[in-house]
Amino acid sequence: MGTAGEIDGPTTEGALGASLVAQGLVHQLRRAHGQFLHRFLLYFSAMNLRPAEFSALALIAENPGRKQSEIAGAMGVQRANFVSLMNELEGRCLIERRAAPNDRRSHALYVTPAGASLFADARKAEADFEADCLERLGGARARDQFLVLLTLLFG
């Protein structure tokens, strides 16, 4: 029988048996997501960017003039959620929508000068964040293996 300090044994009053939960994929992914978000927000706090905003800004900066539907598809974001995200970035004057040249029903996306300036700062924060993650993972090889595993799991 476990003591109050043990996690993996039977519970006693005041103790919490959590070994099966702690070893579960769902629990570990939820915890990893929480830690990822916390660390991401620390690195990107000066820019006031959330992960989805950074990803959208990066894709638009690297693919100016692409349709909203293309950027949303690359991000794996549903249309309604993407429109809200674009409204937020446009409201902050970081991106602009223009009528798509060959399809007036669609919008082409562009980064504004203010968006480009913020994105330059965000790239620096991304490099620092990546370096921190790389160190925690134990190097580039472990990072590459981790990305392969994530792709196998969710890709």
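These notebook entries record what I looked up in this structure, which is a predicted model.

**Entry 1, the largest pocket**

I began with the largest pocket and noted a volume of about 1,200 Å³. I counted 33 residues in its lining, and those lying nearest the centre are Phe 36, Phe 129, Cys 133, Phe 146 and Leu 150. I then asked which helices supply at least two residues each to this lining, and found H2 (25-44), H3 (51-62), H4 (68-75), H6 (113-137) and H7 (140-154). Among these, H2 gives the most, with 10 residues. Sorting the lining by class, I wrote down 23 nonpolar residues, 4 polar ones and 6 charged ones.

**Entry 2, the largest nonpolar core**

I turned next to the largest nonpolar core, which holds 23 residues, and I noted that Phe 44, Leu 49 and Met 86 touch the most other members. This core draws at least two residues from each of H2, H3, H4, helix H5 (79-91) and H6. I followed Leu 49 further, leaving aside its neighbours within four places in sequence, and listed its contacts as Phe 40, Leu 41, Phe 44, Phe 54, Leu 57, Arg 92, Leu 118 and Ala 122.

**Entry 3, the cysteines**

I looked for disulfides, and the count came to 0. I also checked how open two of the cysteines are to the outside: Cys 93 has a relative accessible area of 49% and is therefore partly exposed, since that class runs between 20% and 50%. Cys 133, which I had already noted among the residues nearest the centre of the largest pocket, is likewise partly exposed, at 27% relative accessibility.

**Entry 4, two charged residues of H6**

I looked up Arg 123 and placed it in helix H6. With a relative accessible area of 30%, Arg 123 counts as partly exposed. Once I set aside its neighbours within four places in sequence, Arg 123 was in contact with Phe 54 and Glu 62; Phe 54 is also on my contact list for Leu 49. For distance along the chain, I noted that Arg 123 and Gly 138 are 15 residues apart, with their C-alpha atoms separated by 22 Å.

Asp 128 is found in helix H6 as well, and at 46% relative accessibility I recorded Asp 128 as partly exposed. From Asp 128 to Leu 150 I noted 22 residues in sequence and 21 Å in space, C-alpha to C-alpha. Leu 150 is one of the residues nearest the centre of the largest pocket.

Definitions and conventions
Residues are numbered from 1 along each chain as its sequence is written. This is a predicted model: local features need pLDDT of at least 70, side-chain atom pairs count only at pLDDT 80 or more; totals for chains, interfaces and linings use all residues. Side-chain values use heavy atoms; hydrogens and water are left out. On a 1 Å grid over the protein atoms alone, a cavity is a set of points where a 1.4 Å probe fits but cannot get out, and a pocket is an open set with protein on both sides within 12 Å along at least five of seven lines; lining residues have an atom within 4 Å of a point. Grid points are joined across faces, edges and corners, and a volume is the space filled by probe spheres set on the points. Helices (H or I, at least four residues) and strands (E, at least two) are DSSP runs, numbered from the N terminus. Ala, Val, Leu, Ile, Met, Phe, Trp, Tyr, Cys and Pro count as nonpolar, Asp, Glu, Lys and Arg as charged, and the others, Gly among them, as polar. A nonpolar core is a set of buried Ala, Val, Leu, Ile, Met, Phe, Trp, Tyr and Cys residues joined through side-chain atoms within 4.5 Å. Buried means under 20% relative accessible area, exposed over 50%, partly exposed in between (1.4 Å probe, protein chains only). Contact means heavy atoms within 4.5 Å. A disulfide is a pair of cysteine sulfur atoms within 2.5 Å.
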